[in-house]
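Trainee: Hi, I've just opened this one and I'm new to it. Could you walk me through what's there?

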Amino acid sequence: MMWTALQLSRVQFAFTVSFHIIFPSFTIGLAAWLVVIEAFHLVTGKPVYRRLFDFWLKIFAVTFGLGVVSGIVLAFEFGMNWSRLSEMTGPIQGPLLTYESFTAFALEASFFGVLIFGRNRSSRAAYFFSAVMVALGTTFSAFWIMVNNSWMQAPVGYAVENGIFIPTDWRKIIFSPVVWVRFPC
Amino acid sequence: MGAVPMLTIGVLAFLACAFVAALVMHLDLMNRWLERPYLMIFPLIGAVSAYGLLKRTKQRNDLAPFRCAALIFIAALGTLACSFWPFMIPSALTVEQAASPAASLNFMFWGAGLFVMPLTLVYTAVVYRLFRGKVVEMDYE
């Protein structure tokens, strides 16, 4: 049997996206869990929370790293395996992914550095704040990806001009009912 | 300090090779540099920073070599940008052709560009400040 480029692309994407999603879905929960442990540590001052935090932080660090590198592969596939889709829907998917990296990834990555190396350099409040920002970043990240994927499942707020999807109503795209059924759950 | 002069020369040699190779591969680029000699300011900045880098390293100055090295790369990227402007992909796709429609650019400008970007710069600066200074001794606990 001869594999077509389309089939190979699908197999590659199915494998890489299935491998990738393990890590972000883990870090989204884990980031919030780190905030909870650090809050308990702040309030009670019990050293056991510090030990718990440091234990989960190392796991978070490795998982975060794996999420980033396995995610970059997907970004390349959007451009190469699915170049026609990107060309047609880029005006809508592009800005949504831009918002993902701007509001979520930058926030997560910057404050993640503080969590890993900044314990002795920052106040306890600033350290806690960093943990909250990392959790917020992972959640925003999930949000924008959900908006993008929901638009792919149920496109709204667009017009097709010369075979290109042009956004006509960003509010409809972001506040699509599909997003708000899928994201909070 | 021993490695710095050799590494600098290596980087400069690589950049010079890339520049010459680009000129040979795209002959129209050559015209651009001949027509607008003031563009030479970028390679010139690079050369001056390279000189500064070597000199300041010899003086065992801590901060200046870092700044010079950063300037070399800014100059190199500036040279690249003004060599190919307005093309994103040389002689195939200009910046204007590659850009999204206005509705997408507007959406990015009014949100990400005007609000998120400055905020990102601020917290990045704060985190950089937190980790300022040289690493004296590594400690991973």
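**Walking through the model**

Mentor: Sure, let's start with a small piece. In helix 3 of chain A, E87(A) and R84(A) sit three residues apart, so about one helical turn separates them. Keep in mind that this is a predicted model.

Trainee: What do the side chains of E87(A) and R84(A) do?

Mentor: They meet in a salt bridge, at 3.3 Å from N to O. E87(A) is partly exposed there, with a relative accessible area of 49%.

Trainee: How many salt bridges does the structure hold over all chains?

Mentor: Four. Another one joins the side chains of R119(A) and E38(A), at 3.2 Å from N to O. That pair links distant parts of the chain: R119(A) is in the loop between helix 3 (83-117) and helix 4 (124-153) of chain A, while E38(A) is in helix 1 of chain A, 81 residues apart.

Trainee: Are R119(A) and E38(A) buried or exposed?

Mentor: R119(A) is buried, at 16% relative accessible area. E38(A) is buried too, at 1%.

Trainee: And which salt bridge does R119(A) form with its closest N and O atoms 3.9 Å apart?

Mentor: That's the one with D54(A). D54(A) lies in helix 2 (residues 47-80) of chain A and R119(A) in the loop between helix 3 and helix 4, so the pair ties together parts that are 65 residues apart in sequence.

Trainee: Which residues are linked in a network of salt bridges?

Mentor: E38(A), R50(A), D54(A) and R119(A). R119(A) also has a ring to look at: it lies over the face of F53(A), 5.2 Å from the ring centre.

Trainee: OK, stepping back. What does the secondary structure of chain A come to?

Mentor: Six helices and two strands. Along the sequence, the pattern reads α-α-α-α-β-β-α-α.

Trainee: What does its C-alpha trace span along the principal axes?

Mentor: About 60 × 45 × 30 Å for chain A. Chain A has 185 residues, and buried residues make up 38% of them.

Trainee: Let's look at the strands. In which sense do strand 1 and strand 2 of chain A pair?

Mentor: They pair in the antiparallel sense, over four bridges. Strand 1 covers residues 158-161 and strand 2 covers residues 164-167. If you want a spot to click on, Y158(A) stands opposite P167(A) in strand 2.

Trainee: What do the two strands form?

Mentor: A hairpin, with two residues between them. N162(A) is in the loop between strand 1 and strand 2, and its phi is near 50°, a positive value in a residue other than glycine.

Trainee: What sign does phi have in most residues other than glycine?

Mentor: Most of them have a negative phi.

Trainee: Is N162(A) buried or exposed?

Mentor: N162(A) counts as exposed, because its relative accessibility is 81% and the cut-off is over 50%.

Trainee: Switching to surfaces. Which residues make a nonpolar surface patch of about 490 Å²?

Mentor: M1(A), W3(A), L8(A) and V11(A) make it. Of these, L8(A) has its place in helix 1 (residues 5-44) of chain A. L8(A) is partly exposed, with a relative accessible area of 48%.

Trainee: What about aromatics? How many aromatic pairs are there over all chains?

Mentor: The count comes to 25. One of them is F109(B) with W110(B), an edge-to-face pair at 5.1 Å centre to centre, with 80° between the planes.

Trainee: How exposed are F109(B) and W110(B)?

Mentor: F109(B) is partly exposed at 42% relative accessible area, whereas W110(B) counts as exposed at 53%.

Trainee: Which residues form one aromatic cluster?

Mentor: Y99(A), F143(A), W144(A), W170(A), F175(A), W180(A), F183(A) and F107(B). So you'll need both chains on screen to see that cluster, chain A and chain B.

Trainee: While I'm on chain B, where is A13(B) found?

Mentor: In helix 1 (residues 4-25) of chain B. A13(B) is partly exposed, with a relative accessible area of 38%. Its C-alpha atom is separated by 31 Å from that of V135(B), and the two residues are 122 apart along the chain.

Trainee: Thanks, that gives me plenty to click through.

Terms used
Residues numbered from 1 in each chain as written. Chains lettered and ligands numbered in written order. Predicted model: local features only at pLDDT ≥ 70, side-chain atom pairs only at ≥ 80, totals over all residues. Heavy atoms only, no water. Phe/Tyr/Trp six-rings, centres within 6.5 Å; stacked < 30°, edge-to-face > 60°. Buried < 20%, exposed > 50% of the residue type's maximum accessible area, 1.4 Å probe, protein only. Lys NZ or Arg CZ within 6 Å of the ring centre and 35° of its normal. Pairing = 2+ DSSP bridges. Patch = residues over 30% accessible without salt bridge, like charges linked within 9 Å, V, L, I, M, F, W, Y side chains within 5 Å. Areas by Shrake-Rupley, 256 points an atom, 1.4 Å probe, with all protein chains shown as cover.
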